[in-house]
Amino acid sequence: MEVSSLPISASLRAKLISGGYTSISSLFSVSHSDIARDLKISENEALEILRVASQRRGSERSNGTSSIVNGAQSAWEMLNEEKSLGHITTSCSELDDILGGGISCKEVTEIGGVPGIGKTQLGIQLAVNVQIPMDYGGLQGKAVYIDTEGSFMVERALQIAEACLEDMREYHGFLKRDLQACQVNMQPKDFLENIFYFRVCSYTEQIAVVNYLEKFISEHKDVKVVIIDSITFHFRQDFDDMALRTRLLGGMALKLMKLAKKYTLAVILLNQVTTKYTEGQYQLTLALGDSWSHACTNRVILYWNGNERYAYIDKSPSVRSAAAAYSVTGRGIRSSVSNYKRVKML
């Protein structure tokens, strides 16, 4: 149950959400004094919030709508379900290989790296590739792109969409299959129309959009990927209360994990880097701290090796750690030039 459903003033609801109290259950894990301090309201107002929340929870229970356990699932069913899950190609075959076929649905994948390494390029590529028709091995879905930095480029998305169509035509010609109808009907503008773009300019807007996603996706069930570029930006500025930041991020991560599983979609969180002092020296690491590293199913780190870009799987429950080279080209993300050279030599 969401706090947005509580019959309290709009200003109090906004303060609750901004303070990280997005679900009614989160209110009962702290005292009214904690709520008053976090939201900068009087203790009487905090007590009133708890009273209303308690009434709402009791009402839901009496109506039988707050069941926590929905039934068990056997491990065999889980295995078969995982085998049937779709993947979103990255357009780099080597990167797809180490990911087990591409970006997996029903999982949250964090992708981080230094500026200029191609995080946004990869995000746009995935927003286009999720739309590849099933006849071509795609998911035939739509994308939600949440832009916190203003880095999304619609002209670049158009370039990548045009290149994707060319690849599909080439694939069609290679297989000599009768997919003419799909060829004629799909145009670059169709790809752009299937990317739902949200621009957020503060951490409160970011939380609000994430809270709104379930309603939006329930009305657009063909959405198969949610991309946040970047998850970090608004949470690295003007945050003196680190406990509050941790709670806000934790609540947001939990919502995104639930969305991924409930609607069988992929969630991509692009992250920045920061420096960390360890073993007597400063090292680059992904932002938001060690606790955040547990919030995602998979973690992919992008880095430079000389003049070549690499992707390294730092964490995944289903595939082993490995690295693959990739390139950012005018057509989008592609296999590295060095990979082409190796294949040619073989």
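1. The secondary structure of this protein, seen here in a predicted model, amounts to 14 helices and 13 strands. Of its 346 residues, 46% count as buried. Among the contacts with a sequence separation of 6 or more, 64% are made by residues that stand 24 or more positions apart.

2. Helix H7 deserves a separate point, because 11 of its 11 residues are buried and the helix is therefore largely enclosed by the rest of the structure. The buried set includes residues with charged or polar side chains as well as nonpolar ones, among them Lys119, Thr120, Gln121, Leu122, Ile124 and Asn129.

3. Within this helix, which spans residues 119–129, sits Gln125, and its relative accessibility of 1% places it well inside the buried class, for which the limit is under 20%. Leaving aside residues up to four places away in sequence, Gln125 touches Thr90, Ser91 and Ile160, and also the run Arg331, Gly332, Ile333 and Arg334. As regards Arg334, its C-alpha atom is separated from that of Gln125 by 9.9 Å, although the two residues are 209 residues apart along the chain.

4. Ser91, one of the residues touched by Gln125, belongs to the loop between strand S1 (87–88) and helix H6 (93–98). Its backbone merits a check by eye, since most residues other than glycine have a negative phi. Ser91 has a positive phi of about 75° although it is not a glycine. At 23% relative accessibility, Ser91 counts as partly exposed, whereas Gln125 is buried.

5. Lys106 likewise has a positive phi, here of about 65°, without being a glycine. This lysine is found in the loop between strand S2 (103–104) and strand S3 (108–113), and it counts as buried because its relative accessibility is 17%, against a limit of under 20%. Beyond residues up to four places away in sequence, Lys106 touches Glu81 and Leu85, together with Ala260, Lys261, Thr264, Leu265 and Ala266.

6. Glu81, on the other side of one of these contacts, lies in helix H5 (residues 75–84). With a relative accessible area of 31%, Glu81 is partly exposed, and, with residues up to four places away in sequence set aside, it touches Gln73 and Lys106.

7. How do the axes of H11 and H12 (residues 242–263) run where these helices meet, and within what distance do they come? The axes come within 11 Å and cross at roughly 15°; as angles under 35 degrees count as roughly parallel, the two helices are therefore roughly parallel to each other. H11 passes H12 in a left-handed crossing. On the side of H11 the contact is made by Tyr203, Gln206, Ile207, Val210, Asn211, Leu213, Glu214, Ile217 and Ser218, and on the side of H12 by Leu248, Met252, Lys255, Leu256, Leu259, Lys262 and Tyr263. Sorted by class, this contact has 10 nonpolar, three polar and three charged residues.

8. The structure holds eight aromatic pairs. One of them is formed by Tyr145 and Phe152, whose ring centres are 4.8 Å apart and whose planes make an angle of 55°, so that the pair counts as tilted, being neither under 30 nor over 60 degrees. Tyr145 is buried at 0% relative accessibility, and Phe152 is buried too, at 16%.

9. Phe196 and Phe216 form an aromatic pair with an edge-to-face arrangement, at 5.2 Å centre to centre and with 80° between the planes. Since Phe196 lies in strand S5 (residues 195–199) and Phe216 in helix H11 (residues 203–219), the pair ties together parts that are 20 residues apart in sequence. Phe196 is buried, with a relative accessible area of 18%, and Phe216 is buried as well, with 8%. These two residues, together with Phe198 and Tyr212, form one aromatic cluster.

10. A last point concerns the backbone, where most peptide bonds are trans. The bond from Asp229 to Ser230 is cis, with omega near -5°. Ser230 itself lies in the loop between strand S6 (223–229) and H12, the helix already described as roughly parallel to H11.

Note on methods
Residues are numbered from 1 along each chain as its sequence is written. This is a predicted model: local features need pLDDT of at least 70, side-chain atom pairs count only at pLDDT 80 or more; totals for chains, interfaces and linings use all residues. Side-chain values use heavy atoms; hydrogens and water are left out. Rings of Phe, Tyr and Trp (its six-membered ring) pair if their centres lie within 6.5 Å; planes under 30 degrees apart count as stacked, over 60 as edge-to-face and the rest as tilted. Buried means under 20% relative accessible area, exposed over 50%, partly exposed in between (1.4 Å probe, protein chains only). Helices (H or I, at least four residues) and strands (E, at least two) are DSSP runs, numbered from the N terminus. Contact means heavy atoms within 4.5 Å. Axes are lines fitted to C-alpha atoms, for helices over the stretch in contact, and angles run from 0 to 180 degrees between N-to-C directions. Angles under 35 degrees count as roughly parallel, over 145 as roughly antiparallel, 65 to 115 as roughly perpendicular and the rest as oblique. A crossing is left-handed if the near helix is turned anticlockwise from the far one by less than a right angle, and right-handed if clockwise.
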